[in-house]
Amino acid sequence: MFELEKLARKNVLNLKPYSSARDDFKGIASVYLDANENPYGTLFNRYPDPHQNTLKQKISAIKKIPVNQIFLGNGSDEPIDLLIRAFCEPGVDNVLIPQPTYGMYTVSAEINNVKIKTVKLTADFDLDVESTTSAWDDQTKLIFLCSPNNPSGNLLSSNRIRKILETFKGIVVVDEAYIDFTHVPGFIPLLGQYPNLVILQTLSKAWSMAALRVGMCFASQEIIALLNKIKPPYNISLLSQKTAEDGLNNEITKNEWVAKIIQERKNLAEDIKKLRIVKKVYPSDANFLLVKVIKAKEVYQKLVECGIIVRDRSNVVLCEDCLRITVGTEKENEALLNELNTI
Ligand SMILES: *Cc1c(COP(=O)(O)O)cnc(C)c1O
C-alpha cells in the first residue's frame with residue numbers, strides 16, 4: 001500500500017501554507033483592497049491567479065487529465081526542486097538517479113543537501129532494472145527517470161519503468177520533456193494505476209515557449225496538493241500565463257513543427273553518419289542527436305570557432321567522445337554539416 005503521509009516530510013505535511021490575498025475571492029468582489037497593489041496604471045497592477053486556472057483548463061483538455069492533477073511551475077526545474085523538498089529530509093534521505101541523464105536532478109538535490117545515489121543505464125541507455133532495484137534503500141524517496149532521455153535521446157522501455165513503479169515504495173518521477181517527438185502516448189494514461197507516479201512535461205521544447213518558463217507536473221490529486229502547499233504563491237507571471245494560453249491554441253502548428261523536426265532529425269542523422277569523423281549516431285526519439293565522434297573536444301572547439309554551438313557531453317558517463325546536437329532548421333543543420341565536413 002502506498003501511503004503519501006509516510007513518505008512526505010513531516011514539516012511539509014504539518015505546515016500551514018501562505019494564504020495569498022487573491023486565493024478566496026477571485027471574481028466575486030469588485031473592490032480589491034487586500035493586496036497592497038497600485039489601483040492605477042498598467043495591465044499588470046494586480047497579482048496573477050496563484051493557481052493558473054484558465055491555463056490549467058487548457059492543459060487539462062489537451063492532456064486529458066483533471067485540473068486537480070496538474071501542477072504548473074516556473075519551468076520543470078521548479079517541480080523538480082519542490083518534489084525534492086516535499087519528500088527528502090536534508091542530510092537524511094536520498095534520491096536515485098540513473099546516469100547519464102539531465103543535470104538538474106543532481107543540482108537540485110545538491111542545493112537541498114539531499115544525497116544522490118547513482119546507477120548506470122545499460123550500454124544502449126535503457127534502464128538496468130536489476131542494478132536499479134538493488135541501488136535504492138529505505139532512505140530513497142525519489143527516482144528520476146527521463147524518457148526520452150537527455151542526453152541519449154532514446155525512450156526508456158516502458159515495461160522497465162513499470163517494473164520500477166511496481167517495486168519501488170517511493171515516488172517515481174518520469175520526465176517526459178521530449179514526449180511530443182515520440183510516437184508513444186507516454187505515462188499520463190497510467191496515472192490512475194500508479195499512485196507513486198509523477199510525470200513532468202514542459203512548454204519549453206515542442207511547444208516552442210522556453211522563454212516563458214512553464215513546466216507541467218502531473219500526478220495524483222494528493223501529490224499535486226502537496227506541491228501547491230509549498231510553492232511560492234505567484235510562481236507563474238500573468239504574462240507567462242496569458243502567452244501560454246495563446247500558444248496552446250496552436251496545437252496544429254505545434255504538430256507541424258514536430259513533424260518537420262522529426263523529418264530533419266532523420267535527414268541530419270543520415271548525413272552525419274556519412275562523415276569521416278563520426279563513429280556513431282545514436283537513435284533518437286527527441287529533438288536532438290547524440291553523436292560519437294573522433295576527438296569530441298577538438299570538434300566542439302572548431303565548431304565554436306565558426307559560431308556553431310553544440311553540447312559537449314564527452315565528460316559524461318557512457319558518453320565518451322559524444323556531442324549532443326539539437327535538430328535546428330534545415331538551414332542551420334546544413335551550416336553544421338558544412339563545417340563538420342571541413343574538419
Ligand atoms: C529541457 C528539459 C526540461 C525542460 O525544463 P524547463 O525548466 O521546463 O525548461 C526538462 N527535463 C529535461 C530532461 C530537459 O531536457
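Student: How many aromatic pairs does the structure hold?

Tutor: The structure, which is a predicted model, holds six aromatic pairs.

Student: What makes the pair of Tyr 47 and Tyr 234 a stacked one?

Tutor: The ring centres of Tyr 47 and Tyr 234 are 4.5 Å apart, and rings pair if their centres lie within 6.5 Å. The angle between the two planes is 25°, and planes under 30 degrees apart count as stacked, so the pair of Tyr 47 and Tyr 234 earns that name.

Student: Why can this pair be said to tie together parts that are apart in sequence?

Tutor: Tyr 47 belongs to the loop between helix H2 (10-14) and helix H3 (53-63), while Tyr 234 belongs to the loop between helix H8 (221-230) and helix H9 (238-248), so the pair ties together parts that are 187 residues apart in sequence.

Student: Why is Tyr 47 called partly exposed, and why is Tyr 234 described in that way too?

Tutor: Partly exposed is the class between buried, under 20% relative accessible area, and exposed, over 50%. Tyr 47 has a relative accessibility of 39% and Tyr 234 has a relative accessible area of 23%, so both values fall in between and both residues count as partly exposed.

Student: Why is the pair of Tyr 105 and Phe 144 called stacked?

Tutor: The planes of Tyr 105 and Phe 144 stand at 10° with the ring centres 4.6 Å apart, so this pair is stacked. It links distant parts of the chain, with Tyr 105 in helix H5 and Phe 144 in strand E4, 39 residues apart. Both Tyr 105 and Phe 144 are buried, and together with Tyr 102 they form one aromatic cluster.

Student: How do you know that the charged end of Arg 324 sits over the ring of Phe 288?

Tutor: The charged end of Arg 324 is 5.6 Å from the centre of the Phe 288 ring, and the distance limit for such a placement is 6 Å. There is also a limit on direction, within 35 degrees of the ring normal, and Arg 324 is listed as sitting over the ring of Phe 288.

Student: What makes the approach of the ligand to Ser 76 a polar contact?

Tutor: An oxygen atom of the ligand is 2.7 Å from a polar backbone atom of Ser 76, and a polar contact is a pair of N or O atoms within 3.5 Å, so this pair meets the distance limit. Taken alone the ligand exposes 390 Å², of which the protein buries 93%.

Methods: Residues are numbered from 1 along each chain as its sequence is written. This is a predicted model: local features need pLDDT of at least 70, side-chain atom pairs count only at pLDDT 80 or more; totals for chains, interfaces and linings use all residues. Side-chain values use heavy atoms; hydrogens and water are left out. A polar contact is a pair of N or O atoms within 3.5 Å; within protein, one must be able to donate a hydrogen and the other to accept it, and residues adjacent in sequence count only if both atoms are side-chain atoms. Accessible areas come from the Shrake-Rupley method with a 1.4 Å probe; for residues, only the protein chains shown count as cover. Rings of Phe, Tyr and Trp (its six-membered ring) pair if their centres lie within 6.5 Å; planes under 30 degrees apart count as stacked, over 60 as edge-to-face and the rest as tilted. Helices (H or I, at least four residues) and strands (E, at least two) are DSSP runs, numbered from the N terminus. Buried means under 20% relative accessible area, exposed over 50%, partly exposed in between (1.4 Å probe, protein chains only).
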